[in-house]
Amino acid sequence: MDARNFFDAAKSELRQNQDGLDLGGPIKQNRVFFFGDYQATHTRRGTTYSSTVPTAKMQAGDFSELGIVLYDPLTTNPVTGARQVLNPANPSVIPASRIDPIGQKLLNYYPLPNRPGLSANYIVSEVRPLDENSFDTRVDSSLTSRDQLFTHFSFDNVSVFQPAELGSKGGSANNHAGPIKNRYEHWAAGWTHIFGRGLVNDFHGGYFHPHVVGLGQGDGLNQSRAFGIPNSDRDANSTTMVGIHPSNY
């Protein structure tokens with residue numbers, strides 16, 4: 001029942017292994033009881049992105065494939081709207097002297113199309129691994145005929161790597177591409193005391209601690225500094241290329 005993605009040349013990988021166990025019983029007959037469970041989930045799912053990237057001509061400043069005329073932004077009159085063609089000799093081409101070197105480096109960072117056409121011309125299919133381990137524990141104690149006590153602890157650890165639209169080049173991938181590590185801890189305890197036939201006190205307390213870390217793909221490579229963009233890095237690990245956001249179909 002695992003069908004091939006429409007854009008894939010072959011069926012993407014899909015594997016899921018899920019296993020676990022639970023155990024419970026008395027620690028002290030009719031007085032203290034315990035219960036625990038454990039579950040592990042390991043998934044490998046193929047993820048396919050269809051994007052639109054610049055062609056080789058576009059990366060060189062030639063937009064003749066789009067059949068458009070390029071106008072010089074420096075000659076536009078904000079009042080009359082008058083403007084001049086950027087390159088009268090070839091209206092669809094940006095002269096090499098007018099291409100900013102930083103912009104050219106950024107443009108060249110895009111991969112070349114691997115499919116024909118001007119739209120939906122780049123396909124990448126990578127595996128999205130997910131590993132999750134979780135367990136729960138609980139102990140119930142009957143201290144006296146009037147006092148019941150329980151304690152509880154749960155733990156969940158999830159590790160995911162979210163592939164990007166442009167593979168190793170990066171991309172937003174629904175606002176995040178790269179490793180994600182989540183850890184959750186939950187503690188709880190409760191004490192129930194019966195004062196009499198018409199009065200019961202039930203006291204519960206809990207503590208929840210989530211720990212979420214998401215790093216961008218290529219985190220720490222200082223790519224913007226390598227492109228020559230001054231003062232772009234706030235620290236050694238701040239800048240990645242997750243800002244590249246190709247058009248998706």
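This is a short walk through the structure in your viewer, one selection at a time.

**Start with the whole chain**

Keep in mind that what you have open is a predicted model. Colour by secondary structure and you should find three helices and seven strands in the protein chain. Trace the elements from the N terminus and the order reads β-β-α-α-β-β-β-β-α-β. The protein chain has 249 residues, and 31% of them count as buried. Switch on a surface and about 15600 Å² is exposed, with carbon and sulfur atoms supplying 56% of that area. As for contacts between residues at least 6 apart in sequence, 62% join residues at least 24 apart.

**Strand 3, beginning at Ser134**

Select residues 122–144, which make up strand 3. Several stops on this tour are here, and Ser134 is one of the residues in the strand. Is Ser134 buried or exposed? Ser134 counts as buried because its relative accessibility is 17%, and the cut-off for buried is under 20%. Now show what surrounds Ser134: leaving out residues up to four places away in sequence, the side to look at holds Asp37, Tyr38, Gln39, Phe155 and Asp156, all of which Ser134 touches.

**One step along: the aromatic rings**

Show the Phe, Tyr and Trp side chains next. Across the whole structure there are four aromatic pairs. One to zoom in on is Phe135 with Phe155, a stacked pair with 5.6 Å from centre to centre and 25° between the planes. Phe135 belongs to strand 3 and Phe155 to strand 4 (residues 147–162), so this pair links distant parts of the chain, 20 residues apart. Both rings are partly exposed: Phe135 has a relative accessibility of 29%, and Phe155 comes in at 21%. Which residues make up the aromatic cluster here? Add Phe153 and Trp187 to your selection, and together with Phe135 and Phe155 you have the one cluster they form.

**The salt bridges**

Change the display to charged side chains. How many salt bridges does a search of the whole structure find? The count is five, and three of them are worth a visit here.

- Select Arg44 and Asp131, whose closest N and O atoms are 3.3 Å apart in a salt bridge. Arg44 lies in strand 2 (residues 32–52) and Asp131 in strand 3, so the pair ties together parts that are 87 residues apart in sequence. Arg44 is partly exposed at 22% relative accessible area, and Asp131 is partly exposed too, at 21%.
- Go to Arg138 and Asp140, where the side chains meet in a salt bridge at 2.9 Å, N to O. Relative accessible area is 34% for Arg138, which is partly exposed, and 28% for Asp140, also partly exposed.
- Finish with Arg15 and Glu13, a salt bridge with an N to O distance of 2.8 Å. Arg15 counts as partly exposed at 45% relative accessibility, and Glu13 is partly exposed at 33%.

**Arginines over rings**

Stay on Arg138 a little longer, and bring up Phe150. The charged end of Arg138 sits over the ring of Phe150, 4.2 Å from the ring centre. Arg138 thus has two things to show you: the salt bridge with Asp140 and the ring of Phe150. For another arrangement of this kind, select Arg83 and Tyr71: here the charged end of Arg83 is over the Tyr71 ring, 3.7 Å from its centre.

**A nonpolar patch on the outside**

Put the surface back on and select Leu143, Leu149, Trp191 and Phe203. These residues make a nonpolar surface patch of about 380 Å². Leu143 takes you back to strand 3. Leu143 is partly exposed, with a relative accessible area of 41%.

**Last stop: Gly206**

Move to strand 6 (residues 199–214) and pick Gly206. This glycine is exposed, at 62% relative accessible area. What does Gly206 touch, once residues up to four places away in sequence are set aside? You should find Trp187 and Ala188, and Trp187 is a name you have met already, as a member of the aromatic cluster. If you want a distance to draw, try C-alpha to C-alpha from Gly206 to Gly190: the two are 8.7 Å apart in space and 16 residues apart in sequence.

Technical notes:
Residues numbered from 1 in each chain as written. Predicted model: local features only at pLDDT ≥ 70, side-chain atom pairs only at ≥ 80, totals over all residues. Heavy atoms only, no water. Patch = residues over 30% accessible without salt bridge, like charges linked within 9 Å, V, L, I, M, F, W, Y side chains within 5 Å. Areas by Shrake-Rupley, 256 points an atom, 1.4 Å probe, with all protein chains shown as cover. Salt bridge = Lys/Arg side-chain N within 4 Å of Asp/Glu carboxyl O. Helix = DSSP H or I, 4+ residues; strand = E, 2+ residues; numbered from the N terminus. Buried < 20%, exposed > 50% of the residue type's maximum accessible area, 1.4 Å probe, protein only. Contact = heavy atoms within 4.5 Å. Phe/Tyr/Trp six-rings, centres within 6.5 Å; stacked < 30°, edge-to-face > 60°. Lys NZ or Arg CZ within 6 Å of the ring centre and 35° of its normal.
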